[in-house]
Protein chains: 2
Amino acid sequence: MGKGMTNIGIIGLGLIGGSLGLDLRSQGLNVLGVSRNPRTCEIALQQGVVDHASIHLEILTEAEIIFICTPIDKIISTVERLSSELNLDATTIITDVGSVKASIVEQCSQLWSNFVGGHPMAGTAEQGIEAAQRGLFVNRPYVLTPRETTPQESITRVEKIVQSLGSVVYLLSPQEHDQGVAWISHLPVMVSASLIDACMQENEPKIRELAQKLASSGFRDTSRVGGGNPELGVMMAQYNTKALLRSLTQYSQSLNQVINLIENENWEQLENFLQNTQEARGKFCS
Amino acid sequence: MGKGMTNIGIIGLGLIGGSLGLDLRSQGLNVLGVSRNPRTCEIALQQGVVDHASIHLEILTEAEIIFICTPIDKIISTVERLSSELNLDATTIITDVGSVKASIVEQCSQLWSNFVGGHPMAGTAEQGIEAAQRGLFVNRPYVLTPRETTPQESITRVEKIVQSLGSVVYLLSPQEHDQGVAWISHLPVMVSASLIDACMQENEPKIRELAQKLASSGFRDTSRVGGGNPELGVMMAQYNTKALLRSLTQYSQSLNQVINLIENENWEQLENFLQNTQEARGKFCS
């Protein structure tokens with residue numbers, strides 16, 4: 001299995017795992033893929049996503065770096081199995097691509113001291129191995145979240161691979177990462193879902209129907225992420241509870257400020273408020 | 001000025017007024033345009049938006065129907081001037097295209113009994129006469145909001161013209177209209193602006209900066225209308241205060257429900273909530 005070649009393991013061959021495999025193979029690395037679904041293993045081999053594929057973790061025994069690309073709720077149990085079932089060399093680096101970090105990094109680092117948390121901010125509307133593509137990570141942020149105890153050598157090693165994908169690397173604490181994504185990813189889901197829920201509470205059927213017929217791009221955009229995958233929304237809340245609640249509390253305050261300004265017909269201050277948000281948005285969406 | 005021909009007046013030659021002129025002229029109607037800006041009158045004539053243009057209302061003396069396409073805050077004063085300064089025939093119909101109706105319809109109907117409130121739900125990202133285009137209203141909703149006292153003949157007349165534009169006509173009370181647009185147009189602006197404001201309140205500069213760098217399509221869409229024209233946002237609140245506050249109150253309740261579910265780690269109910277919003281969104285965005 002490629003003695004002398006660098007062996008890279010990937011567990012979970014979906015959009016992220018598959019795209020990672022394509023890019024790393026094109027660099028001449030030996031990519032070993034694991035999926036619990038035999039059909040996915042077949043497709044991965046056919047599409048050239050991996051050099052070897054298996055439904056068993058054992059294929060990863062000689063991997064130097066293992067990327068865990070499973071859903072969030074499988075990351076910790078996967079690290080547990082890797083550390084207990086395989087006789088991995090202590091220098092083996094395990095990294096993940098989960099969208100929340102604090103809870104995962106804390107537990108995984110205890111299970112495997114050579115764990116480096118990661119989060120590539122890349123994606124497409126499509127999911128699954130069929131959507132895997134080369135260059136998915138180019139110019140996209142890729143956050144690495146080491147702890148104080150994470151070996152510097154391992155951080156550097158993962159950083160180099162991530163840079164080779166064309167990503168822009170950010171090094172942050174797991175907590176900083178989680179608060180950052182709470183603001184721009186998890187809070188918008190709850191804000192947007194609440195908008196849809198509120199509109200459905202209109203008790204006059206004629207008005208509810210009218211609203212549905214008149215809804216145009218403004219409503220469509222503001223409600224998009226609130227109409228997304230419910231399991232994913234719950235997972236964000238479950239794994240990032242503290243940071244999300246902090247963001248929601250601040251959001252409530254901002255909303256109440258708007259309500260107060262309107263109740264008091266304080267149009268001048270409302271205009272100031274909206275001028276500030278107009279200007280501030282440019283900083284997020286440049 | 002086209003005796004025997006139907007004379008249609010348009011006051012305010014921006015995107016809506018200009019597009020209306022193009023469509024009505026193509027039907028062979030005699031279109032008389034008024035803009036307070038002489039340069040806009042010139043462009044309107046050059047682009048074939050109107051047959052005659054003037055900065056003076058007097059040009060409209062023989063119009064059978066007058067569309068007021070000015071910003072919301074100029075509609076009432078324009079009707080006032082039309083009724084007091086011109087010697088209009090009592091059968092002349094005045095209609096407007098303002099995005100809120102209750103306050104405008106009430107006052108304008110007192111000034112001119114033959115007033116029919118209207119709101120075409122059409123637009124583009126571009127503004128002004130340069131953006132005027134044929135067919136802007138095709139397949140778009142166009143709400144008419146008569147009162148009980150509005151002459152049926154006048155409603156029918158405006159309805160026929162609106163249908164000739166290819167619009168889908170909705171007949172509603174001004175209050176029903178205002179509550180409908182509060183839900184799908186005005187509430188989203190306040191919800192979205194509060195999101196931007198909340199993110200700016202993060203007091204850790206490193207996290208605020210990170211959030212700005214990581215923001216992707218989810219944040220971009222949810223924050224779009226909150227980063228829009230501040231004057232327009234204030235006008236929505238000013239002219240639709242009651243309905244908007246009613247929507248904001250319900251929104252607060254929906255948001256608090258989400259916060260409570262997360263605080264209590266009630267993941268099952270949160271999933272129900274998000275399943276409902278996912279399903280409900282389809283009714284608004286089909």
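User: Where helix H11 (residues 267-284) of chain A meets helix H9 (residues 230-239) of chain B, at what angle do their axes cross?
Analyst: Heads-up: this is a predicted model, where local features need pLDDT of at least 70 and side-chain atom pairs pLDDT 80 or more, while totals for chains, interfaces and linings use all residues. Residues count from 1 along each chain as written, chains are lettered from A and ligands numbered from 1 in written order, and side-chain values use heavy atoms, without hydrogens or water. Helices (DSSP runs of H or I, at least four residues) and strands (E, at least two) are numbered from the N terminus, and axes are lines fitted to C-alpha atoms, for helices over the stretch in contact, with angles from 0 to 180 degrees between N-to-C directions. The axes of H11(A) and H9(B) come within 8 Å, crossing at roughly 140 degrees.

User: So is H11(A) roughly parallel or oblique to H9(B)?
Analyst: Under 35 degrees would be roughly parallel, over 145 roughly antiparallel and 65 to 115 roughly perpendicular, with the rest oblique. The crossing is at roughly 140 degrees, and that makes H11(A) to H9(B) oblique.

User: Which residues of H9(B) does H11(A) meet?
Analyst: Contact here means heavy atoms within 4.5 Å. From H11(A), the residues involved are A:Trp267, A:Leu270, A:Glu271, A:Leu274, A:Gln275 and A:Gln278. On the H9(B) side they meet B:Pro230, B:Glu231, B:Gly233, B:Val234, B:Ala237 and B:Gln238.

User: What kind of axis relates chain B to chain A?
Analyst: Copies are superposed by least squares on C-alpha atoms of residues with pLDDT of at least 70 in both. Chain B lands on chain A with an RMSD of 0.0 Å after a turn of 180 degrees and a shift of 0.0 Å along the axis. That's the relation of a two-fold axis.

User: And in chain B, which residue has the C-alpha nearest the axis?
Analyst: That C-alpha sits 2.1 Å from the axis. The residue is B:Thr222.

User: Which strands stand at the edges of the open sheet in chain A?
Analyst: Strands pair if DSSP finds at least two bridges between them. The eight strands go E3-E2-E1-E4-E5-E6-E7-E8, with mixed pairing. Two of them each have a single partner strand, so one side of each lacks a neighbour in the sheet: E3 (52-54) and E8 (168-171).

User: What is the bridge partner of A:Ile68 in E5(A)?
Analyst: E4 (residues 65-68) and E5 (residues 93-96) of chain A pair in the parallel sense, over four bridges. In E5(A), the partner of A:Ile68 is A:Asp96.
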